[in-house]
Amino acid sequence: MFVDLPLDQLRAYRPPLPVPGGFDAFWKRTLDETRGHGLDARFAETDAGLALVVCHDVEFSGFGGHRIRGWLLVPRAASGPLPCVVQYVGYNGGRGLPYQWLVWPSTGYAVFVMDTRGQGWSPSTYGDTPDRVGGTGPEAPGLLTKGVLAPDDYYYRRLYADAVRAVEAARTHPAVDPERVVVSGGSQGGALALAAAGLVPGLAGALVDVPFMTHIRRAVEITDADPYGELARFLSGQRHLVDRVFDTLDHFDGLNFAARASAPVLFSTALRDAVTPASGGFAAYHHYAGREKELKVWSFNGHEGGGAHQQAEQVRFLRKLFGG
């Protein structure tokens, strides 16, 4: 069944932005602090048994100077700096294995896969990067309430800063054209792509699928599905902290990053998605400040969205951007 507003209402849905006071100053300070640590991006070529792809095991310094793992895969036959897709992964996932990221090298592009600190318990894409910061208050199982009582302490402050540094690390490799970098992800990865689009200047494009952490206040009102369910369970006990928690979350809401983004973007959303309700995707699309934007709607799908069909849309979108 459809879990959100009817499609005709979604097509016009543009709620007010949940911009907290000092939003831009908060993110400038966060990134200034992060960049106070040397990026120190390292790329170690590794034999993954892929005859047509060169694989690099990656490390770079993210938030707090903490070392973040990743992969860089480059088509072996390619010459000259290439377009690069910086790929972020979904909730509980990690960088996995190189074999799982071959779509973009197959199209002739490089792909830079960022591992996700403190996650990677998914059976499909495991992770290798710890989160080296502890909590500073009560929290529910999962990561959505980790440090949620203050924006400075919140887990996603570290993760969004890592996402920015991943773009900066990718741009340092000689196989990557720094002017043709695209950010991409679905669900939590979509949240990271949207945040990077609003925080990183000069991106060539963004691919944002079924984005999590977007229009958070409404999502928590209309779905109990995890991960948003973590917030509902936490606040059912911490009744006195509701306003404080949502003030923190407003600093990380994808709508605010969409309003600050300018790169060409392809969104997707699904009308039967109970995990990241479609109103979040439509609201992000309508608030997105860039003039070149598309939204693909999957009417009969849930959180899986368009799957391989959406990947085909992404290939089309990037071919239009880069030619070929």
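This is a chat about salt bridges, a buried helix and aromatic rings in a predicted model.

User: What kind of model is this, and what pLDDT do local features need?
Analyst: It is a predicted model, where local features need pLDDT of at least 70, side-chain atom pairs count only at pLDDT 80 or more, and totals for chains, interfaces and linings use all residues. Residues are numbered from 1 along each chain as its sequence is written, and side-chain values use heavy atoms, with hydrogens and water left out.

User: How many salt bridges are there?
Analyst: The count is 24 salt bridges. A salt bridge here is a side-chain nitrogen of Lys or Arg within 4 Å of a carboxyl oxygen of Asp or Glu.

User: What does Asp4 pair with?
Analyst: Asp4 forms a salt bridge with Arg218, at 2.6 Å from N to O. Asp4 is in the segment before H1 and Arg218 is in helix H6, so the pair ties together parts that are 214 residues apart in sequence. Helices (H or I, at least four residues) and strands (E, at least two) are DSSP runs, numbered from the N terminus.

User: Are Asp4 and Arg218 buried or exposed?
Analyst: Both Asp4 and Arg218 are buried. Buried means under 20% relative accessible area, exposed over 50%, and partly exposed in between (1.4 Å probe, protein chains only).

User: And Arg157, which residue is its partner?
Analyst: Glu33, with the closest N and O atoms 3.1 Å apart. Arg157 belongs to helix H4 and Glu33 to helix H2 (residues 23–35), so this bridge ties together parts that are 124 residues apart in sequence. Arg157 is buried at 3% relative accessible area, while Glu33 is partly exposed at 38%.

User: Where do Arg165 and Glu168 lie?
Analyst: Both are in helix H4, three residues apart, about one turn of the helix. Their salt bridge has its closest N and O atoms 2.9 Å apart.

User: New topic. How many residues of helix H10 are buried?
Analyst: In helix H10 (residues 278–287), 10 of its 10 residues are buried. Among them are Phe282, Tyr285 and His286.

User: What covers them?
Analyst: The cover includes helix H1 (7–10), helix H5 (188–199) and strand S9 (293–298). Contact means heavy atoms within 4.5 Å.

User: Which residue lies over the face of Tyr285?
Analyst: Lys293, at 5.0 Å from the ring centre. A charge sits over a ring if NZ of Lys or CZ of Arg is within 6 Å of the ring centre and within 35 degrees of the ring normal.
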